[in-house]
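User: I've got a structure to go through, and I'd like the reasoning behind each label. Can you walk me through it?

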Amino acid sequence: MTNARVTGLRSIELGVPDLERSAQFYRSVWGLEDVVADGDTVHLRGTGCEHHVVTLKQRPKAELLAVHFAATDRTAVTALHATAKAFGADAVSEPADLPRAAGGGFGFRFRTPEGLPLAIAADVTRHDEAASDRSRPTKLSHVVLNSARIDEQTTFFKDLLGFRHSDSTDMMEFIRCCADHHSVAFARSDGPSLNHMAYEMPSIDGLMRGAGRMKQNGFNIEWGVGRHGPGNNVFSYFIEPNGFVAEYTTEVEQVDEATYLPHAAEYWRNFPGRPCRWNMAGHPSNRLKAAMGGEIFPPEMPGEAPRCEEVMARTLGR
Ligand SMILES: [Fe+2]
């Protein structure tokens, strides 16, 4: 065992059956920006300095291809690779220099014992400047992964990748790799699959602007706007055109390593603000629950998003 650990969540890589349609959605409705397109692949960034937060790849069906994490340097990547190999993780690729078009760096891929595809890299190029636009996502905030072997998955992330435990509920385990209360959570379910991905907005005002843009383009808010218990983050959930669940979130609790104490499931079971601290959001729609469970809906883009540019112009940062 080494002290090398994962230090952040970088991006998510999704297989999509209609690359251009998906890229158009993430670009013009969700609020990301193209970084580079390379054959069957499109990388898009948020307003933060991370090289990209989403990678879309043309595939026959919608699927999670990888969750990408950061490590501090090449030495840490090499150490984490050795740890993963020693643990017997599946499909461990050798650490290697990564394609420059995708930000370069040095990293490897592997699968957790349950089969979740992950990647770790260091030295990935970052953008010099963050963009200033409160209505667009700054970064990928967290991913929630369905797991049928949640104790094993949580132990793998904590013992091998250096995650720390933040909170437990009857349904979920929340773990962190940076100051954010959770960068990963596991949902007790059939697995492994993607439950949802959350993108950070700069403020509640920005989240509402993004949510409004989604509504103007025909996407219902399937849960929210509300404020979660664990993590204290504000949320609004949508089903994007490939059937993946995408969340705008903001104000996620920042954890002080020296003083933070995790809460057990019993604490949250008796927490008065369930399922929303504001007692406003109610429960997720049945459609959202099915999509979170990994039931991929047929691709749809309500109205073919004819008003994307118009709506963006009305809501971007103003
Ligand atoms: Fe979430």
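User: What are the counts of positive and negative side chains, and how far apart do the centres of the two sets lie?

Analyst: In this predicted model, the chain carries 34 positive and 41 negative side chains. The centres of the two sets lie 2 Å apart.

User: What makes His142, His196 and Glu247 the protein donors of the iron ion?

Analyst: Distance. A donor is an N, O or S atom within 2.8 Å of this metal. NE2 of His142, NE2 of His196 and OE of Glu247 lie 2.1 to 2.2 Å from the iron ion, so they meet that cut-off. Along the chain, the donors follow the spacing H-x53-H-x50-E. Histidine 196 sits in strand E13 (residues 193-200) and glutamate 247 in strand E16 (residues 245-250), so this pair ties together parts 51 residues apart in sequence.

User: Why is histidine 196 called buried? And what about glutamate 247: buried or exposed?

Analyst: Buried means under 20% relative accessible area. Histidine 196 comes in at 4%, so the label fits. Glutamate 247 has 0%, so it's buried too. For the chain as a whole, 56% of the 318 residues count as buried.

User: How many helices and strands are there, and how do you know that the chain is as compact as a globular protein of that length?

Analyst: There are seven helices and 16 strands. The radius of gyration is 19 Å, while the globule rule gives 20 Å for 318 residues; those are close, so the chain is as compact as a globular protein of that length. Its C-alpha atoms fill a box of roughly 50 × 50 × 35 Å along the principal axes.

Methods: Residues numbered from 1 in each chain as written. Predicted model: local features only at pLDDT ≥ 70, side-chain atom pairs only at ≥ 80, totals over all residues. Heavy atoms only, no water. Helix = DSSP H or I, 4+ residues; strand = E, 2+ residues; numbered from the N terminus. Rg over C-alpha atoms; globule rule 2.2 N^0.38 Å. Buried < 20%, exposed > 50% of the residue type's maximum accessible area, 1.4 Å probe, protein only. Lys, Arg positive; Asp, Glu negative; His and termini not counted. Charge placed at Lys NZ, Arg CZ, Asp CG, Glu CD. Donors = N, O, S within 2.8 Å, 3.2 Å for Na, K, Ca; no water.
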